[in-house]
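Hi everyone, thanks for coming. Have a look at the screen, and I'll walk you through this one step by step.

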Amino acid sequence: MTTRALILDFDGLLMDTETTLLESWRWEWARHGLQLDPQGFFADHGGDANAARYTALEAAAGSAYDRTSSHVLRMGSAPVA
């Protein structure tokens with residue numbers, strides 16, 4: 001048998017991406033005068049939990065919260081759908 005592909009997942013092994021992720025969310029909460037409680041921040045499973053995080057911040061920050069600008073500022077990229 002010939003190996004045709006090899007998939008390696010080094011996220012969290014070679015690079016500490018969780019600290020950066022958590023700090024970006026702490027910064028965004030602080031920008032709204034809030035403090036993020038890191039308890040339960042990381043999901044018990046893999047996958048994208050950002051939609052729920054934006055929803056929680058929106059609920060805490062109130063009607064002035066703008067999810068699109070929040071994402072752009074936090075990520076420096078195009079807004080979420």
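So, how many helices and how many strands does the protein chain have? The protein chain has three helices and zero strands, where helices (H or I, at least four residues) and strands (E, at least two) are DSSP runs, numbered from the N terminus. Starting at the N terminus, the order of elements is α-α-α.

A quick word on where this comes from. This is a predicted model, in which local features need pLDDT of at least 70 and side-chain atom pairs count only at pLDDT 80 or more, while totals for chains, interfaces and linings use all residues. Residues are numbered from 1 along each chain as its sequence is written, and side-chain values use heavy atoms, with hydrogens and water left out.

Now the overall picture. Of the 81 residues in the protein chain, 19% count as buried; buried means under 20% relative accessible area, exposed over 50%, and partly exposed in between, with a 1.4 Å probe and protein chains only. Contact here means heavy atoms within 4.5 Å. Among contacts between residues at least 6 apart in sequence, 44% join residues at least 24 apart.

Let's go through the helix pairs, beginning with H1 and H2. Their axes come within 11 Å and cross at roughly 20°. Axes are lines fitted to C-alpha atoms, for helices over the stretch in contact, and angles run from 0 to 180 degrees between N-to-C directions. H1 and H2 are therefore roughly parallel to each other: angles under 35 degrees count as roughly parallel, over 145 as roughly antiparallel, 65 to 115 as roughly perpendicular, and the rest as oblique.

Which residues meet there? From H1 we have Leu21, Trp25, Glu28 and Trp29, and from H2 we have Asn50, Arg53, Tyr54, Ala56, Leu57 and Ala60. By class, that contact of H1 with H2 has seven nonpolar, one polar and two charged residues. Ala, Val, Leu, Ile, Met, Phe, Trp, Tyr, Cys and Pro count as nonpolar, Asp, Glu, Lys and Arg as charged, and the others, Gly among them, as polar.

Two of those names deserve a stop: Trp25 in helix H1 and Tyr54 in helix H2 (residues 50–61), which sit 29 residues apart and link distant parts of the chain. Their ring centres are 4.7 Å apart and their planes stand at 65°, so the pair is edge-to-face. For the rule, rings of Phe, Tyr and Trp (its six-membered ring) pair if their centres lie within 6.5 Å; planes under 30 degrees apart count as stacked, over 60 as edge-to-face and the rest as tilted. The count by this rule comes to one aromatic pair. Are these two residues buried or exposed? Trp25 counts as buried at 0% relative accessibility, and Tyr54 is buried too, with a relative accessible area of 2%.

On to H3. The axes of helix H1 (residues 17–31) and helix H3 (residues 67–75) come within 10 Å, crossing at roughly 135°, and H1 and H3 are therefore oblique to each other. On the H3 side, the contact is made by Ser70, Leu73 and Arg74.

Last pair: the axes of H2 and H3 come within 11 Å and cross at roughly 120°, which makes H2 oblique to H3. Here H3 brings Arg67, Ser70, His71 and Arg74. Thanks for listening!
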